[in-house]
Amino acid sequence: MSDDLTHITVALGDLEEDELIEAVEQSLSSGADPLAVVEACRAGMEVVGKRFSEEEYFVSELICSAELFQSVMEKVTPLLSASDDEGPKTKVVIGTVKDDIHDIGKDIVIAMLRCSGYEVYDLGINVPPEEFVNKVKETDAKIVGMSGLLTIAFSSMEETIKALKDAGLSVKTMIGGGMTNDMVCEKVGADGWGRDAMEAVNLVKTFSEVS
Ligand code: B12
């Protein structure tokens with residue numbers, strides 16, 4: 001990682017707003033990939049999470065970190081290159097699952113999917129299984145994305161996948177966020193897991209090619 005990007009991670013971890021914004025502007029003006037800036041911020045959020053687990057930070061610091069991340073995203077989002085594909089768009093329904101309200105990562109995934117030309121229906125946060133089911137019926141989407149950062153979100157993902165199957169809907173499902181991994185993917189019965197927003201785009205591309 002370049003010095004500027006490391007600086008972003010450290011400034012976000014330390015919740016130093018002025019230093020963070022300066023480091024982001026410096027990186028972007030020297031030609032850094034906007035996605036590398038997002039990744040540096042994500043690493044900074046991991047520092048925040050670690051300090052929270054160690055009781056050095058509390059919920060107020062989590063809230064502050066989220067606000068800092070949002071202000072970086074306001075600068076980065078316009079720089080993500082938009083797709084000029086005018087053809088029919090693959091539809092994706094996505095939301096943060098029941099009992100979980102973390103949405104920063106989901107919103108990055110949505111921004112990347114939209115830039116890549118997909119039609120995304122964002123259900124928001126704390127979304128119960130039946131809302132996913134209803135939206136898929138309404139839109140005829142063939143791909144469902146579920147985001148969740150809390151461990152308890154894993155059972156909501158499992159319930160959502162079961163509800164989609166019980167409703168007889170033939171969709172590909174993908175999960176992501178925080179502590180999800182391949183093992184969680186297998187456990188909850190999803191078709192794919194993505195580590196970051198680019199992997200989410202790749203999953204959607206693969207799913208839409210086979211469907
Ligand atoms: C910011 C934050 C908050 C903010 C969230 C604000 C918001 N608008 O989202 C607030 C203050 C609300 C919050 C609340 C809580 N939080 Co919190 N939070 C965090 C923190 C520090 C950062 C999360 C984040 O935004 N990361 C940055 C984004 C970019 O990363 P990401 O979400 O992983 O997303 C990327 C990928 O995962 C992927 N991705 C994401 N979604 C999807 C979806 C698909 C389909 C795909 C393919 C990919 C994908 O792409 C994204 C871009 O690269 C984490 C620490 C951490 N290490 O993550 C704790 C953390 C998640 N929180 C935690 C906790 C405990 C809580 C609270 C319970 C605290 C409390 N006592 O109230 C509440 C829970 C509220 C609830 N019911 O959800 C714990 C969870 C522990 C656990 N095992 O369950 C963590 C891990 C902190 C810790 N180390 O203890 N939190």
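Me: In which helix does Val59 lie?
Reply: Val59 lies in helix α4, a helix being a DSSP run of H or I with at least four residues, numbered from the N terminus like the strands (E, at least two). The model is predicted, so local features need pLDDT of at least 70 and side-chain atom pairs pLDDT 80 or more, while totals for chains, interfaces and linings use all residues. Residues are numbered from 1 along each chain as its sequence is written, and side-chain values use heavy atoms, without hydrogens and water.

Me: Why is Val59 called partly exposed?
Reply: Its relative accessible area is 48%. Buried means under 20%, exposed over 50%, and partly exposed in between (1.4 Å probe, protein chains only), so Val59 is partly exposed.

Me: What makes the nonpolar surface patch?
Reply: Phe52, Val59 and Ile63 make this patch of about 260 Å². Patch residues have over 30% relative accessible area and no salt bridge, with nonpolar side chains (Val, Leu, Ile, Met, Phe, Trp, Tyr) joined within 5 Å and like charges within 9 Å. The 48% of Val59 is over the 30% limit, so Val59 meets the area condition.

Me: Which residues form the negative surface patch?
Reply: Glu16, Glu17, Asp18, Glu19, Glu22 and Glu67 form it. Asp and Glu count as negative, Lys and Arg as positive, with His and the chain ends not counted. Helix α2 (residues 17-29) gives the most, with four residues, whereas Glu16 sits in the loop between α1 (3-13) and α2. Glu16 has 37% relative accessibility, which is over 30%, so the area condition for a patch is met.

Me: Why is the contact between Glu25 and Lys75 called a salt bridge?
Reply: A salt bridge needs a side-chain nitrogen of Lys or Arg within 4 Å of a carboxyl oxygen of Asp or Glu. The Glu25 and Lys75 side chains meet at 3.1 Å, N to O, so the pair qualifies. Glu25 lies in helix α2 and Lys75 in helix α4 (residues 59-76), so the pair ties together parts that are 50 residues apart in sequence. Glu25 is partly exposed at 41%, and Lys75 is partly exposed at 31%.

Me: What makes Lys187 and Glu158 a link between distant parts of the chain?
Reply: Their side chains meet in a salt bridge at 3.5 Å, N to O. Lys187 is in helix α8 (residues 182-188) and Glu158 in helix α7 (residues 153-166), 29 residues apart. Lys187, at 58%, counts as exposed, whereas Glu158, at 34%, is partly exposed.

Me: How far apart in helix α9 are Lys205 and Glu209?
Reply: They are four residues apart in helix α9 (residues 197-210), about one turn of the helix. Their closest N and O atoms are 3.6 Å apart, within the 4 Å limit, so this is a salt bridge.

Me: How many salt bridges does the structure hold?
Reply: It holds 15. Glu39, Arg42 and Glu46 are linked in a network of salt bridges.

Me: What makes His102 a donor of the cobalt atom?
Reply: Donors are N, O and S atoms within 2.8 Å of the metal (3.2 Å for Na, K and Ca). NE2 of His102 is at 2.3 Å from the cobalt atom of the ligand, so His102 qualifies. His102 is the only protein donor; water is not among the atoms, so the site may look incomplete. The loop holding His102 runs between β1 (91-96) and α5 (104-115).

Me: Where does Asp99 lie?
Reply: Asp99 lies in the loop between β1 and α5. Asp99 has a positive phi of about 75 degrees although it is not a glycine.

Conventions
Areas by Shrake-Rupley, 256 points an atom, 1.4 Å probe, with all protein chains shown as cover. Charge placed at Lys NZ, Arg CZ, Asp CG, Glu CD.
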